[in-house]
Amino acid sequence: MQEQSFELSGVNCMHCVEAVKKALEPLAKKVEVTLSPAIAVLTVEKPVTVEEVNKALAKAGDYSAVALN
């Protein structure tokens, strides 16, 4: 297992945090999303691309991500 971190934009409230977490759960074994700073940490067996993350986020709303590691 490894962790991947993504900086999020469009996450402004706890509703956003929950929407993002729900959108990313199919991509990872574990998802942690924080509001301030707006970051998602995914625990994955194999790496996911920022494109996969952004595709999942687009389905949930006006959110996007940039890889931090």
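How many residues lie between β2 and β3 in the hairpin they form? There are four residues between them. The model here is a predicted one: local features need pLDDT of at least 70, side-chain atom pairs count only at pLDDT 80 or more, and totals for chains, interfaces and linings use all residues. Residues are numbered from 1 along each chain as its sequence is written, and side-chain values use heavy atoms, with hydrogens and water left out.

**The overall picture**

- The protein chain has two helices and four strands; helices (H or I, at least four residues) and strands (E, at least two) are DSSP runs, numbered from the N terminus.
- Reading from the N terminus, the elements go β-α-β-β-α-β.
- A compact globule with 69 residues would have a radius of gyration near 11 Å, and the protein chain has 10 Å, which agrees. That radius is taken over C-alpha atoms, and the globule rule is 2.2 Å times the number of residues to the power 0.38.
- Put a box around the C-alpha atoms along the principal axes and you get roughly 30 × 20 × 20 Å.
- Of the 69 residues, 38% count as buried (buried is under 20% relative accessible area, exposed is over 50%, and partly exposed is in between, with a 1.4 Å probe and protein chains only).
- The accessible surface comes to about 4,300 Å², and 52% of it belongs to carbon and sulfur atoms. Areas like this come from the Shrake-Rupley method with a 1.4 Å probe; for residues, only the protein chains shown count as cover.
- Among contacts (heavy atoms within 4.5 Å) with a separation of 6 or more, 61% are between residues 24 or more positions apart.

**The sheet and its helices**

- Four strands make an open sheet in the order β2-β3-β1-β4, with antiparallel pairing. Two strands pair if DSSP finds at least two bridges between them.
- β2 and β4 (64-67) stand at the edges with a single partner strand each, so one side of each has no neighbour in the sheet.
- From one strand to the next, the twist averages 30°. Axes are lines fitted to C-alpha atoms, for helices over the stretch in contact, and angles run from 0 to 180 degrees between N-to-C directions.
- Helix α1 packs on the sheet and touches β1, β2 and β3, its direction making about 160° with that of β2.
- Helix α2 also packs on the sheet, touching β1, β3 and β4, and its direction makes about 165° with that of β4.
- The hairpin strands β2 and β3 pair in the antiparallel sense over five bridges, and Thr34 has Ile39 of β3 as its bridge partner.
- In a regular strand, side chains alternate between the two faces of the sheet. Strand β2 shows such a pattern: Val31 and Val33 point to one face and are buried, while Lys30, Glu32 and Thr34 point to the other and are not.

**The nonpolar core**

- The largest nonpolar core has 21 residues, and those with the most contacts inside it are Leu8, Val11, Val20, Leu24, Leu42, Val53 and Leu57. Such a core is a set of buried Ala, Val, Leu, Ile, Met, Phe, Trp, Tyr and Cys residues joined through side-chain atoms within 4.5 Å.
- Two or more residues each come from β1 (2-9), α1 (14-24), β2 (30-34), β3 (39-44) and α2 (50-60).
- The largest share, five residues, comes from α1.
- Leaving aside neighbours within four places in sequence, Leu24 is in contact with Val31, Ala40, Leu42, Val53, Ala56 and Leu57.

**Three residues to look at**

For each contact list here, neighbours within four places in sequence are left aside.

- Glu3 sits in strand β1 and is in contact with Val41, Leu42, Thr43 and Asn69. Glu3 and Ala40 are 37 residues apart in sequence and 10 Å apart in space, C-alpha to C-alpha.
- Thr43 lies in strand β3 and counts as buried at 15% relative accessibility. Thr43 is in contact with Met1, Gln2, Glu3, Ala28, Lys29 and Lys30.
- Leu68 is found in the segment after β4 and is partly exposed, with a relative accessible area of 46%. Leu68 is in contact with Ser5, Phe6, Glu7 and Ile39.
- Leu68 and Val50 are 18 residues apart in sequence, and 9.9 Å apart in space, C-alpha to C-alpha.
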